[in-house]
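Here are some notes for a colleague who has the sequence and the model open side by side. They go from the chain as a whole to one helix and its surroundings.

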Amino acid sequence: MSGIIYSLGIVGTGNMAEAFIKGILGSSIINSSFITAFEKKEARAEHIKSKYGVLFQPTLKDLVKKSRYIFIAVKPQDVPGVISEMGPYVDAGNNTIISIAAGVPTDFYETRLGKNIAVIRIMPNTPALLKKGMSAISCGRFVKEPELEFVKEIIGTTGDYVIVDEKLQNAITAISGSGPAYFFKFCKCLMDSALKMGIDRQTAAALVTNTAAGAICMLKEHEYDADGLIKMVASPGGTTEAAMAVFENENIDKIIEKAVKHAQKKAVKIQELLYLKN
């Protein structure tokens, strides 16, 4: 691996990339002196450099030639440009691609970079910022066990993960990738309802956030038996049963299913447009 200095080279240093940098450095898996990055936004690069001690490279060429693992953390529409720029310098003997770009398959990298390049695709989510993330990992055709083990190790620093067939990634994007926003929306609705019923904002926030946290703990404790837990709370003829009847009448199940399917279709569309335009 001539010329390799860094274990990990990160392309794009937005919130998700920062979550991984924070997790990796916090776990001492890799020292900051073995992580480098490339970022077009000067202010963002300065923030990451000053906070984490990560050295930035002036070009993608420099990053690729000096890094073992290339971590792609840019928006999906920016991936083709990144591939085009770094393509001439990628070496399958030296580099492995790790991508967290939504809707971008491993095949997209493999066919455009060639050289039997190993590509690992990850769908993380924003709780990774608090080391409570949930990620889904899929391997391309040329990934070897040591490469997967490395990725599992760094992903584990931001929370939990599952290994899945790549054909499920667009569905997972709609479930766990977008999922935190669904819960935030439900909690916001509960808080807004509390305010309308005369509960002050601080009290409402405490009630809703702690109720949500406690409910998740119970769900895990009871092995995800949601129906059983609902029955535990909803006594016959009681207040919870009255609320649940409204959910039932308004077809909340269908609303959620429809919303998730829309998210999945959007992920598929991003993927289709990527191939169509590139």
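1. Two residues are taken to be in contact when heavy atoms lie within 4.5 Å. On that basis, among contacts in the chain between residues at least 6 apart in sequence, 67% join residues at least 24 apart. The model is a predicted one, and the values below should be read with that in mind.

2. As to overall dimensions, the C-alpha atoms fill a box of roughly 70 × 40 × 30 Å along the principal axes. The chain has 278 residues, of which 38% are buried, and it exposes about 15700 Å², with carbon and sulfur atoms supplying 58% of that area. Its secondary structure comprises twelve helices and eight strands.

3. The eight strands form an open sheet with mixed pairing, in the order β3-β2-β1-β4-β5-β6-β7-β8. The edges are β3 (55-56) and β8 (159-163), each of which pairs on one side only. At the β3 edge, two bridges join this strand to β2 (residues 35-38), and the two run parallel; T36 has L55 of β3 as its bridge partner.

4. Helix α4 (residues 79-86) lies across three strands of the sheet, β1 (6-11), β4 (67-72) and β5 (96-99), and it runs at about 160° to β4. Within the residue range given for β4, one may also look at Y69, since R68 lies over the face of this ring, at 4.5 Å from the ring centre.

5. Which residues of α5 are buried? They are T106, F108, Y109, E110 and L113, and what covers the buried residues of this helix includes β4, α4, β5, β6 (118-123), β7 and α12. Just after α5, G114 takes a positive phi of about 65°, a detail that is easily checked in the model.

6. A search of the whole structure finds four aromatic pairs. In one of them, the rings of F108 and Y275 have their centres 5.3 Å apart and their planes at 85°, and because that angle is over 60 degrees the pair counts as edge-to-face. The pair links distant parts of the chain, with F108 in helix α5 (residues 106-113) and Y275 in helix α12 (residues 252-277), 167 residues apart.

7. Are the two partners buried or exposed? F108 has 0% relative accessibility and therefore counts as buried, whereas Y275, at 30%, counts as partly exposed. The ring of F108 has a further neighbour in R112, whose charged end sits over that ring, 3.9 Å from its centre.

8. A second arginine to inspect around α5 is R141, which lies in the loop between β7 (133-139) and α6 (145-155). With a relative accessible area of 60%, R141 is exposed, because the cut-off for that class is over 50%. Leaving aside residues up to four places away in sequence, R141 touches D107 and E110. R141 and T106 are 35 residues apart in sequence, and their C-alpha atoms are 8.2 Å apart in space. E110 thus appears in two of these notes, being one of the buried residues of α5 and also a residue that R141 touches.

How values were computed:
Residues are numbered from 1 along each chain as its sequence is written. This is a predicted model: local features need pLDDT of at least 70, side-chain atom pairs count only at pLDDT 80 or more; totals for chains, interfaces and linings use all residues. Side-chain values use heavy atoms; hydrogens and water are left out. Rings of Phe, Tyr and Trp (its six-membered ring) pair if their centres lie within 6.5 Å; planes under 30 degrees apart count as stacked, over 60 as edge-to-face and the rest as tilted. Helices (H or I, at least four residues) and strands (E, at least two) are DSSP runs, numbered from the N terminus. Buried means under 20% relative accessible area, exposed over 50%, partly exposed in between (1.4 Å probe, protein chains only). A charge sits over a ring if NZ of Lys or CZ of Arg is within 6 Å of the ring centre and within 35 degrees of the ring normal. Two strands pair if DSSP finds at least two bridges between them. Axes are lines fitted to C-alpha atoms, for helices over the stretch in contact, and angles run from 0 to 180 degrees between N-to-C directions. Accessible areas come from the Shrake-Rupley method with a 1.4 Å probe; for residues, only the protein chains shown count as cover.
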